[in-house]
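User: I am new to this structure and would like a close look at its interior. Please give one connected account.

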Amino acid sequence: MAQLQWARLKGSANCGLRRGAWYRVVQLTSRDAVVDVTRKRVNLPRSALQFVSVPPRSWTVVPRPPDATGLATGWGATYAVCPSCRNRAPLQGSPQRLACPRCKGLFR
């Protein structure tokens with residue numbers, strides 16, 4: 001059985017995925033990757049993705065993109081993405097741990 005892989009967008013590509021969130025890789029070709037996004041398969045160029053064999057268990061800090069929609073303007077220049085449920089959360093200061101408002105997980 002092939003080892004599971006996870007992928008997330010790298011850079012500021014706008015491909016319909018949440019920046020900073022990890023998605024399970026369903027299939028790889030030499031040029032593309034298919035990732036599972038809420039039980040739907042999304043085909044993306046491999047060059048737009050970062051791959052790991054185990055998804056990190058810590059928040060990802062993401063710079064607010066200039067074309068962001070659905071983010072409160074008071075969140076500032078960065079926000080965090082939960083490693084468990086992909087929920088976005090505002091960052092205030094530099095917390096060592098942060099609880100996710102959606103899944104209640106506590107991560108560094």
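Which residues have the most contacts inside the largest nonpolar core?

Analyst: In this predicted model, the residues with the most contacts inside the largest nonpolar core are Leu17, Tyr23, Val35 and Leu49. That core has 15 residues. Strand E1 (6-9), strand E2 (23-28), strand E3 (32-37) and strand E7 are the elements that give two or more residues to the core. Strand E3 gives the most, with three residues. As a general background, nonpolar side chains in soluble globular proteins tend to be buried together.

Tyr23 offers a view of the surroundings of this core. Leaving out residues up to four places away in sequence, Tyr23 touches Gln5, Trp6, Ala7, Leu17, Arg18, Val35, Asp36, Val37 and Arg86. Two of the names given above for the core, Leu17 and Val35, thus appear among the contacts of Tyr23. A second core, separate from this one, has eight residues, and Trp59, Ala80, Cys82 and Phe107 are among them.

Asp36, a contact of Tyr23, also forms a salt bridge with Arg24, in which the closest N and O atoms are 3.4 Å apart. The two partners link distant parts of the chain: Asp36 is in strand E3 and Arg24 in strand E2, twelve residues apart. A search of the whole structure finds one salt bridge. Arg24 has a relative accessible area of 31% and therefore counts as partly exposed, since that class lies between 20% and 50%.

Attention may now turn to Asn87. Asn87 is placed in the loop between strand E7 (78-81) and strand E8 (88-90). Its relative accessible area is 12%, so Asn87 is buried, the limit being under 20%. Apart from neighbours within four places in sequence, Asn87 is in contact with Arg18, Trp59, Ala80, Val81, Cys82, Cys100, Pro101 and Arg102. Among these contacts, Trp59, Ala80 and Cys82 are also members of the second core. The side chains of Asn87 and Arg102 are joined by a polar contact of 3.5 Å.

Aromatic rings complete the account. The structure holds one aromatic pair, formed by Trp75 and Tyr79 in a tilted arrangement, with 6.3 Å centre to centre and 45° between the planes. Tyr79 is buried, because its relative accessible area is 3%. Elsewhere, Arg46 lies over the face of Phe51, at 5.6 Å from the ring centre.

Notes:
Residues numbered from 1 in each chain as written. Predicted model: local features only at pLDDT ≥ 70, side-chain atom pairs only at ≥ 80, totals over all residues. Heavy atoms only, no water. Helix = DSSP H or I, 4+ residues; strand = E, 2+ residues; numbered from the N terminus. Buried < 20%, exposed > 50% of the residue type's maximum accessible area, 1.4 Å probe, protein only. Polar contact = N/O pair within 3.5 Å; in protein donor to acceptor, adjacent residues only side chain to side chain. Contact = heavy atoms within 4.5 Å. Core = buried A, V, L, I, M, F, W, Y, C linked by side-chain atoms within 4.5 Å. Salt bridge = Lys/Arg side-chain N within 4 Å of Asp/Glu carboxyl O. Phe/Tyr/Trp six-rings, centres within 6.5 Å; stacked < 30°, edge-to-face > 60°. Lys NZ or Arg CZ within 6 Å of the ring centre and 35° of its normal.
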